[in-house]
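User: I'm new to this and would like to learn how to read a structure, feature by feature. Could you walk me through one?

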Protein chains: 2
Amino acid sequence: MKKQLFPLVTADIALFTLIEERLSVLLVQRANEPFIGQWAIPGGVLDPSTDSDLEQTARRILQSKINVKPGHLEQVKTVSGAVRDPRGWSISILFSALLPADQVPAVVGDKTQAVQWCDPQNCGHKLAFDHQELLEAALEGLRKKVRNRALPLHLLPSKFTLTQVQRVCERVLGQELDKGTFRRQLRENADLVELEGEYVRGAQRPAQLYTAAPGFVFKDA
Amino acid sequence: MKKQLFPLVTADIALFTLIEERLSVLLVQRANEPFIGQWAIPGGVLDPSTDSDLEQTARRILQSKINVKPGHLEQVKTVSGAVRDPRGWSISILFSALLPADQVPAVVGDKTQAVQWCDPQNCGHKLAFDHQELLEAALEGLRKKVRNRALPLHLLPSKFTLTQVQRVCERVLGQELDKGTFRRQLRENADLVELEGEYVRGAQRPAQLYTAAPGFVFKDA
DNA sequence: GCAATAGTGTCTATTAGACAATATGGG
DNA sequence: CCCATATTGTCTAATAGACACTATTGC
């Protein structure tokens, strides 16, 4: 290990969305050393000359490499150490981001990077660096918030039905929820606003559309 | 603001303990620029040549500057940005540490630094950098865990009574708790082990002593 | 009418909160 | 005995979980 005065600082992002009702996380195939060719969650190095803080680093990376502005972005934790990156002492600030299902088509890799939506529980790749651990931490953070009654509305389009809200919570938690109980709890919160007169129609009773209340944030009680 | 390729990386620690039944946080008076003479939570810069990761940075700082090994140390969050430190682009990884009440006498400042235990709610000083915000985040993190049933046993000596456990939770939360309810919930957890035959005596009925269960960690359910 | 999903209600078990009652030492 | 605190119990209100029921559309 070479001596160094300063660590390498990166922001890495676990970007979640819903694809065909399944919770999915974006992986990218690394186009550079180290771990070239391996899959990883998207990330990039801090640029002090352009980033006002590390959240901006994360937003810049998502914008430039993935072409998305996430609906929600928050810090999960920071990992660090002398050996986690072969280039030397490094720090990674891990973010968790939520992308509405209807914005998934906008996601692209750049010329040199393939991207892929994967099951966060079982992504099917051996990930680069300690990204497996980072992914697990991000998923657990997301689940913890949903268990604590936070609604991941940022995974849904801006108008949605109560059943969709239930589905997204179920897919995040990985378990079915009781409809009656779930809706009773939604009623006790004030997070949702009924869109009067707006319904989704199908081969059954129409479903009332809702939207997030003004000032809504994905936050537990 | 001067151009720089690398940010300054520091670990800052909100070190909590109980002093005369009151929750207290350690502040130090800064001996160096910037903010010389102002009060701050203890912290120091990462040394990649000695620290295997940032948790070790925090431990090294607590050991060398304050002379303590905390009973519990965990990450709270990371703050960063171009302007939070007048020296330039900086990152601070905030830790929260718990020190058992019976280890408080060991705490010292070094020759150049005064130290002081303060009320974290109202420390009575204008703190350096963004340390007021950091202190609030650390306190809120601590409270959130205790609200979620985590027991801050690391603030107590290794043997303690149930009343002491209740007191420490009350002081962290800043509100009184019901004795019957609190003890019922303790019984339902398996965090505590009764020390058979060991009691605290006073001018009243003796109180059973307990200790943390093997493998206990300060963690919410 | 039937299928399918939306939306509501109801019963019971569990848990929280308030408070009372009892227990056991020292003096 | 009396005081102080430990420890336990009890009643009620609130909440969660399981499940059943009704409602409204397209076909």
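User: What separates R167(A) and E170(A) in helix 3 of chain A?

Analyst: Before we start, keep in mind that this is a predicted model. Those two sit 3 residues apart in helix 3 (residues 162-173) of chain A, so about one helical turn separates them. They also form a salt bridge, with the closest N and O atoms 3.0 Å apart.

User: Are R167(A) and E170(A) buried or partly exposed?

Analyst: To read that, look at the relative accessible area: under 20% is buried, over 50% is exposed, and in between is partly exposed. R167(A) has 31%, so we call it partly exposed. E170(A) has just 5% and counts as buried.

User: How many salt bridges are there over all chains?

Analyst: The rule used here looks for a Lys or Arg side-chain nitrogen within 4 Å of an Asp or Glu carboxyl oxygen. By that rule, the count is 22 over all chains. One of them joins the side chains of R87(A) and D85(A), at 2.7 Å from N to O. D85(A) is buried at 4% relative accessibility, while R87(A) is partly exposed at 36%. Another links R147(A) with E140(A), at 2.8 Å from N to O. There, R147(A) is partly exposed at 46%, and E140(A) is partly exposed too, at 36%.

User: How many salt bridges are counted between chain B and chain A?

Analyst: That count is 2. In one salt bridge across the chains, D220(A) pairs with K144(B), and their closest N and O atoms are 3.3 Å apart.

User: And D220(B), where is its place in chain B?

Analyst: D220(B) is in the segment after strand 10 (204-212) of chain B. With 10% relative accessibility, D220(B) counts as buried. Its side chain makes a polar contact of 3.2 Å with the side chain of K144(A). Within chain B, the side chains of D220(B) and N148(B) are joined by a polar contact of 3.3 Å.

User: Which residues is D220(B) in contact with, leaving aside its neighbours within four places in sequence?

Analyst: The list is K144(A), K145(B), N148(B) and A150(B). Reading such a list, check the chain letter on each name.

User: Let's step back to the whole interface. How many residues of chain B are in contact with chain A?

Analyst: A good way to read an interface is to start with the totals and then see who contributes. Here 25 residues of chain B touch 25 residues of chain A. Between them the two chains bury about 1,900 Å², and 59% of that is on carbon and sulfur atoms. On the chain B side, P48(B), T78(B) and W89(B) lose the most area to chain A, together 27% of what that side buries.

User: How many residue pairs are in polar contact across the interface?

Analyst: The rule finds 13 such pairs, with both residues at pLDDT 80 or more. On the side of chain B that touches chain A, the elements giving two or more residues are strand 5 (72-81) and strand 6 (90-98) of chain B. Strand 5 gives the most, with 5 residues. Sorted by type, the residues on that side are 11 nonpolar, 8 polar and 6 charged.

User: Now for the rings. How many aromatic pairs are there over all chains?

Analyst: The general idea is that you describe a pair of aromatic rings by the distance of the centres and the angle of the planes. A search of the whole structure finds 3 pairs. One is F6(A) with F6(B): the centres are 5.2 Å apart and the planes are at 0°, so this pair is stacked. Each of these residues lies in the segment before strand 1 (8-19) of its own chain, so the pair joins two chains. F6(A) is partly exposed at 40% relative accessibility, and F6(B) is partly exposed at 40%.

User: What angle do the planes of F35(A) and F129(A) make?

Analyst: Their planes are at 70° and their centres 4.8 Å apart, so we call that pair edge-to-face. F35(A) lies in the loop between strand 2 (22-29) and strand 3 (39-40) of chain A, and F129(A) in the loop between strand 7 (115-118) and helix 2 (131-147) of chain A, so the pair ties together parts 94 residues apart in sequence. F35(A) is partly exposed at 28%, whereas F129(A) is buried at 17%.

Notes
Residues are numbered from 1 along each chain as its sequence is written. Chains are lettered from A and ligands numbered from 1 in the order in which they are written. Side-chain values use heavy atoms; hydrogens and water are left out. Contact means heavy atoms within 4.5 Å. Buried area is the accessible area (1.4 Å probe) that two parts lose on being put together, summed over both. A polar contact is a pair of N or O atoms within 3.5 Å; within protein, one must be able to donate a hydrogen and the other to accept it, and residues adjacent in sequence count only if both atoms are side-chain atoms. Helices (H or I, at least four residues) and strands (E, at least two) are DSSP runs, numbered from the N terminus. Ala, Val, Leu, Ile, Met, Phe, Trp, Tyr, Cys and Pro count as nonpolar, Asp, Glu, Lys and Arg as charged, and the others, Gly among them, as polar. Rings of Phe, Tyr and Trp (its six-membered ring) pair if their centres lie within 6.5 Å; planes under 30 degrees apart count as stacked, over 60 as edge-to-face and the rest as tilted. Buried means under 20% relative accessible area, exposed over 50%, partly exposed in between (1.4 Å probe, protein chains only).
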